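Please consider the protein chain shown below, with its sequence and its three-dimensional structure side by side. The paragraphs after it serve as a guided reading.

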Amino acid sequence: MQAGRISWVIVLCGALIPIASAQSNSTPPGVRSFFVQHCFACHSNKAKTAGLDLESPVTDHTVWEDVLRKIRSGEMPPAPMPRPRPADIAAVSKWIASVPLRPGTQPQKVDPGRVTARRLNRAEYDNTIRDLLAVDYRPARDFPADDSGYGFDNIADVLSLSPVLMEKYFAAAEEISRIVLPGNVAPKPTAERYKQEQTAGAKPGFLEIRHRFPAEAEYDLRVVLGGVRPPRSPEIRMAFLLDGRELQTFGVDPGRGKPRSFGTRLVVKAGERNLRAVFLNDDYNPEEHSLNATDRHLTIDYIEVRGPYNIRGTLTESQQKVFVCGHVADHHHPDCVRDNLSDLARRAFRRPVSKEETGPLVRFVKLAAEQGDTLEDGMRLALQAILVSPQFLFRIERDPPGGAAHPVTDFELA
């Protein structure tokens with residue numbers, strides 16, 4: 001650097017800062033020599049490599065941000081020039097951050113813009129409901145298709161909220177709350193049959209269905225077969241599986257007049273479950289036989305689910321997610337009600353909640369009690385309010401008053 005010449009400014013966070021002067025006593029010698037040794041050979045007022053002159057006054061803060069970034073990343077000075085020592089780079093960076101503002105200059109206000117509130121798309125909604133309430137239920141299958149941009153369906157700016165979708169959110173919240181907190185009326189036993197011709201992906205020797213079990217209880221699960229195989233055909237082994245876990249394996253005699261119904265009774269937890277029936281060794285080739293079309297295959301006709309019977313009286317896994325406070329008998333205590341709802345809202349909103357936010361939820365429970373309803377009725381209303389809240393449906397980054405630049409919180413970052 002030439003005597004009397006001043007290299008003017010670095011702009012840090014929008015503020016003008018003098019860099020160095022050959023006659024400046026306030027600039028550490030190491031900083032002055034850094035620019036002389038590593039920068040001015042290429043970026044002086046004579047060389048101006050890449051159009052950059054660091055020896056003359058520079059007032060564009062983006063230039064200095066770029067310079068600092070390239071020095072720190074090792075991109076500058078370029079090979080084969082010697083690399084600055086890490087200690088020198090640290091000293092220059094520290095000095096830039098510590099030099100006081102030049103008299104008469106004011107920091108420029110930085111406008112970071114606004115982050116669009118990110119609505120949960122359909123997959124995120126289903127996954128959040130599953131994790132929040134341990135409900136194996138997929139309400140988003142009935143939602144309108146999410147808008148997409150650039151091939152992605154999770155871009156905040158294109159995820160609109162239509163009146164139809166809002167109605168679906170209300171309906172889903174009501175249905176989910178009924179599944180989690182069905183009330184004192186036990187579900188009545190029913191019989192539901194899933195036929196092969198009504199199920200996508202079914203084959204003669206394979207049938208998989210998805211059934212929602214309303215309560216943890218005993219259920220009768222039955223597989224019914226149709227068709228026959230030629231005389232003296234070998235025995236077929238058929239497996240019955242629940243959520244991929246083998247429940248039972250049956251030996252099936254393929255002849256006429258043989259049993260065509262196979263079943264078992266077992267305890268199943270509440271929620272949506274996969275049931276599958278499959279032949280394990282069905283190697284029959286119909287082209288080798290001359291049977292009628294109706295007699296060519298031994299098939300799995302349908303799966304039938306009957307129940308619930310002997311419903312378990314303990315809290316389900318979903319209810320344990322709601323009633324986190326103490327023993328069941330303690331849940332009516334006002335402090336316990338508040339603790340339950342605070343924990344539920346905290347997990348649903350993905351951040352800590354204040355007493356002011358919990359208060360309206362507690363009032364739902366109080367209102368139900370005043371009208372002679374049960375605790376579950378009040379908690380069901382509070383749960384519905386949580387599930388239709390924008391704090392649940394959107395992931396929100398809160399701006400401070402005035403919208404100044406600020407770091408996001410740990411919860412917003414997560």
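What follows moves from the nonpolar cores to a helix, a strand and a single residue.

The structure is a predicted model. In soluble globular proteins, nonpolar side chains tend to be buried together. Here the largest nonpolar core has 37 residues, and those with the most contacts inside it are Tyr125, Leu133, Ile176 and Phe392. Two or more residues each are given to this core by helix H4 (122-133), helix H5 (163-180), H7, H8, H9 and helix H10 (390-393). The largest share, 7 residues, comes from H5. Leu133 illustrates how distant parts of the sequence meet: beyond residues up to four places away, Leu133 touches Ile176, Val180, Ser318, Lys321, Val322, Leu344 and Leu383. A second, separate core has 26 residues and includes Leu242, Phe250, Phe262 and Ile300.

One of the helices that contribute to the largest core is H8. Helix H8 spans residues 355-370, 16 residues in total, and reaches 22 Å from its first C-alpha to its last, close to the 22 Å expected at 1.5 Å a residue. An α-helix has 3.6 residues a turn, so residues three or four places apart point the same way. The buried residues in H8 are Thr358, Gly359, Leu361, Val362, Val365 and Ala368. They pack against helix H7 (334-349) and helix H9 (375-387). Just after H8, Gly372 adopts a positive phi of about 85°.

The reader may now turn to the strands. Strand S7 (residues 236-242) is mostly covered, with 6 of its 7 residues buried. Which strands does S7 join through bridges? Strand S8 (residues 245-252) runs antiparallel to S7 and is joined to it by 7 bridges, while strand S10 (residues 271-279), also antiparallel to S7, is joined to it by 5 bridges. Leu242 appears in both pairings: Leu242 stands opposite Arg245 in S8, and its bridge partner in S10 is Leu275. The hairpin of S7 and S8 has 2 residues between the strands, and there Asp243 takes a positive phi near 55°.

Finally, Asp301 lies in strand S11 (residues 299-309). Is Asp301 buried or partly exposed? With a relative accessible area of 31%, Asp301 is partly exposed. Its C-alpha atom is separated by 5.9 Å from that of Lys195, although the two residues are 106 residues apart along the chain. Leaving aside neighbours within four places in sequence, Asp301 is in contact with Tyr194, Lys195, Gln196, Leu207, Val224, Leu225 and Gly226. The side chain of Asp301 also makes a polar contact with the side chain of Thr299, at 3.0 Å.

Note on methods. Residues numbered from 1 in each chain as written. Predicted model: local features only at pLDDT ≥ 70, side-chain atom pairs only at ≥ 80, totals over all residues. Heavy atoms only, no water. Helix = DSSP H or I, 4+ residues; strand = E, 2+ residues; numbered from the N terminus. Buried < 20%, exposed > 50% of the residue type's maximum accessible area, 1.4 Å probe, protein only. Contact = heavy atoms within 4.5 Å. Polar contact = N/O pair within 3.5 Å; in protein donor to acceptor, adjacent residues only side chain to side chain. Expected span 1.5 Å × (residues − 1). Pairing = 2+ DSSP bridges. Core = buried A, V, L, I, M, F, W, Y, C linked by side-chain atoms within 4.5 Å.
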